[in-house]
Amino acid sequence: MKSFRERATSGTLKYFANDKDVDAALRYVETGDRAILAALKPSTSYRGHAQFGLAEAINEARHFDEEDRRAVQVLLHLKTLPHLATWLARALSSERPGEDVHALVRSAAEGIGVPPLVVATMTATFVPVLLRGQEPNSAGRYLLELDEAELTDAVRAAAEIKDSPARLTGLLDLLFACAPGRLDAIAPLVLGSGGINPTLAEILLRRGGQRFEDLVADFWRTKCELSERHKFSALLVAHHPARFREEALEVTRRDLPRLEVKYVTEGVHAWLVETYGKAALEDVTGHFRRNVLQSYRIGPLAEALQVSLGRDALPAFQVLAGYPDGGVRLIAAKHLVNLSDGESDGLIRETLSIGLKDALAETSSYVDRRVDWIRLIAGWNPASFEDELFALAENKTKAVRDASARAVSRIGEAILSRVLPMLSHKKKDLRLWATVALTALGTPAAAEALEARLHAEDDDDVRDAMLEVLDAARTARGRVVTREEIEARAARSEKKLKNLPAKWLDLATLPPLSWSDGTPIGERMTRYLLYRQARAKEILPDIGARPMYPWIDPKAGAEFALAVLRGYLSTNLAPADRWIFAIAALLGDDRIVPLLNRQVQDCADSSRGKMAEYGVQSLALLGSDAALTMVDALALRYRTKNKNVGAAATDAFAAAAARRGVSVDELGDRVVPWLGFEPGKPRVVEAGGKTFEVAISPDWKLTYRDVEKNKKVGSLPKSASKGVLDALKAEAAMLKDAVKGQKARLENLLVVQHRWPIARWKELFLDHPVLLPFAMRLVWGAYDPEGRLVGSFQALEDRSLTTAEDEPFELTDAPGNVVGMVHPLELDEASLRAWRTHLADYEIAPPFPQLDRPVVAVKDDEKGTKISPALRGTSLNAMTFRGRAEKLGWARGSVNDGGSVDAYRKTFPAAKVDAFLGIDGLYMGIGREESITLEDFCFVRGGSVEVGSYTYDRPLEVTDGRLIPFASVPPIVFSEVMADLGKISGKGGSDDADAG
């Protein structure tokens, strides 16, 4: 076992290798020299990261030794109680019945003379979980054994701890569960500890009901600081509206003038509107008149006004419309337009006119705001702004020009007389503007005008814009661009075909291209294809090259694509030549898949993330099952490392699903590669004059059987052709990647309880050679149309189905019946035990945890909880947190001021639930040695919380209507989230604490 110093200096403390205080602490741990301990003083180092590093290195109880004991003593001596409590909470999470983990802390404290009050304060204040089920753990038992004076002293001492707000939530849970009679003495102290805490007040109201209503109300009326009083008002109104509604309104109105001087109050005004409706209108309007407003804070309040008051909110928006800040006026204009009924047209016209004028006068950093004003005009009454919109045709900014052209098109064909002359204007930008306007207009007359101009247009950019419209219209009519038309277009570009678009290209070394009838395309058309495709900025077919691809012979095209791609991959991959990826995908076959996969990984691992993204997009554009399987696997591989590559793969896979008109999950089913196998047929290869049958084993290895001898062999004979061996080697590698991707995909489908129609499930999992092992190694459930589990089964190698008792199982393919992977929460204890025994008896290892997944049910006393503080105060190294969370599928929430990230989230689309975990101290670019602190977590309605840049929308108050009480969260979602949180926080067992 490693020494304490080895463990500590391989973790966070490795960043403090030269810190003399850290070295002294480690020397005390090693020697026990009390003089060293006495000389240690709290320092800057020990206020954060080093404190955490010491606690991080302490073993859990079953491996706790003398060095660990002395490390606890260092933390006690330095009074770094939150970090010590984090270690203790982790150790308590794996405590067995009858054990006394807390005694390790008490013994360490006694050994150096630390007063019992310090231990009591740390335990009561910072240990978030003092119960195991409904029974106290050893820390809870310790607190319950304290007499009244000792416990009250500990709670009072909590208020004296600087730099760490008092927690005490675990103590309240403990007393409600085990000693409710002691709450009358403790509740007033808890409520006032470390500043009056609305979270603790919420617990007292929710769990104590009327018992603590007067106490909380008294604190609200007489002791609350200004900054907290509104939170108490919201709590009390939600708890007992009949009693507190009017008083809370009076209190809030009294406080508002002072609140507006010191604090941001948009949230308070939004609460007023949502709670009191039109009665709060004058409060909000007055706030708009007398305060400095910021657009990113006004947005949610403006939305609350429109939703809660409808047209009654118009006076408030009229005030906002006159505000000097353009962003605030833009918000007002949006809502005025949304609520327009004709009576406010004059105000809207004036607001839009001034807003557009001012936005155009601002610097280039406000391009998006200019476009927003134009879009508002387009959606309201573009005809009344016709002259202004036409004037924008000569604006210097392309985004503004394009937006104005699309806005003009909303006027209708009345604009043709002004637009058509611009199609032949000497200025290219004006011709492009007219093309955009006619494209957006989309009428036959507009198309005819573009068709008439096309042959006279000599600029490629303008012609391309026209062709986008005309070719799409032709396709819609079922007409294709002919070879003659393509060759005519090439003739127009003759002067531009002299030089190839990449210097390393040599047509003499490339396989020749042919038309689909076998006739050679020739050098000029090959040059035209390369020239046109090189114009594309994205990994997509260029508008000029696009009509050519269907006319090219697939076999010749595949050879050409393979050679061109190999040529590019032999260079230094200049980004300017990335169009080669599109050529390869549009003409190539599955032979380019391993080349692109290797390129993506090489570029990702050498910090060429953008080039890796282009490779991913090329695979997606190829669109074959093998290519999309690789895209899916790359999305998994780069989910936490090189996340831009993973995000590109995820987006590309989703786009491919959309093009096929299926869900991402269904596409994941469809693209599992067959690797040369065919349904219901053995796969045979010839090698060395013999015939061998190839199969996929239950552990996803390629296996071989000598057909003549009917005997399995370990490999094909060396006399097998190189082509056969290379193909099987490539397929084995593809099989490995495909299985890795399927494991992650199917585990996610287990979590979200995905279901397959019975016929589809049989087709997928019984007929497909790659998926059959999953059918054999997982336990499946048959569900009726109401979603009830009616039976569980497993597949055998002969594709028959069996129960845990080895009885045959038949699937009833009736309408509405479906199949899915069974979650342990769906099985009773007897069935769960039977399946576990069955799997053990046959030595079947599931591909991922299924029946042994952690199962967490909502406790009775948590059913009404909406925001849980159970993890609040847990400290983690920032990189450890990110690795754990993102490996489990959690994603970053909003990025706000200073690059701060205040939450991570996980979505469950099928259940329409999102989970949020609050974070303190995390920011973009945080260092590897820095730590963060976990905050509250909650469940909300799926998609109800907005996430984005400078988006402050996470629910922080229990009164937020988007929150879902724990009792209403689907049990499997709740269990999976709680298991994730255990792993993220390090409280879910030793194996779960590994960083991702």
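The following exchange concerns one antiparallel sheet and some positive phi values in a predicted model.

Q: What should I know about the model before we start?
A: This is a predicted model, in which local features need pLDDT of at least 70 and side-chain atom pairs count only at pLDDT 80 or more, while totals for chains, interfaces and linings use all residues. Residues are numbered from 1 along each chain as its sequence is written, and side-chain values use heavy atoms, with hydrogens and water left out.

Q: In what order do the four strands of the open sheet come?
A: The order is β3-β4-β5-β6, with antiparallel pairing. Strands (E, at least two residues) and helices (H or I, at least four) are DSSP runs numbered from the N terminus, and two strands pair if DSSP finds at least two bridges between them.

Q: Which strands stand at the edges?
A: β3 (683-687) and β6 (711-713) do; each has a single partner strand, so one side of each is left without a neighbour in the sheet. On average, neighbouring strands are turned by 40 degrees against each other, direction ignored.

Q: What packs on this sheet?
A: Helix α39 (residues 722-751) does, touching β3, β4 (690-696) and β5; contact means heavy atoms within 4.5 Å. The direction of α39 makes about 140 degrees with that of β5. Axes are lines fitted to C-alpha atoms, for helices over the stretch in contact, and angles run from 0 to 180 degrees between N-to-C directions.

Q: How many bridges does β5 form with β4?
A: There are five, in the antiparallel sense, and V694 stands opposite Y704 in β5. Strand β5 (residues 702-706) also pairs with β6 over three bridges; there, R705 has K712 in β6 as its bridge partner.

Q: Which side chains of β5 are buried?
A: L702, Y704 and D706 are buried and point to one face, whereas T703 and R705 point to the other and are not buried. Buried means under 20% relative accessible area, exposed over 50%, and partly exposed in between (1.4 Å probe, protein chains only).

Q: And the hairpins: which residues take a positive phi?
A: W700 does, near 60 degrees, in the hairpin of β4 and β5, which has five residues between the strands. In the hairpin of β5 and β6, with four residues between the strands, N710 takes a positive phi near 50 degrees. Most residues other than glycine have a negative phi.

Q: Elsewhere, is S607 buried or exposed?
A: S607 counts as exposed because its relative accessibility is 69%. Its phi is near 65 degrees, and S607 lies in the loop between α34 (592-605) and α35 (609-622).
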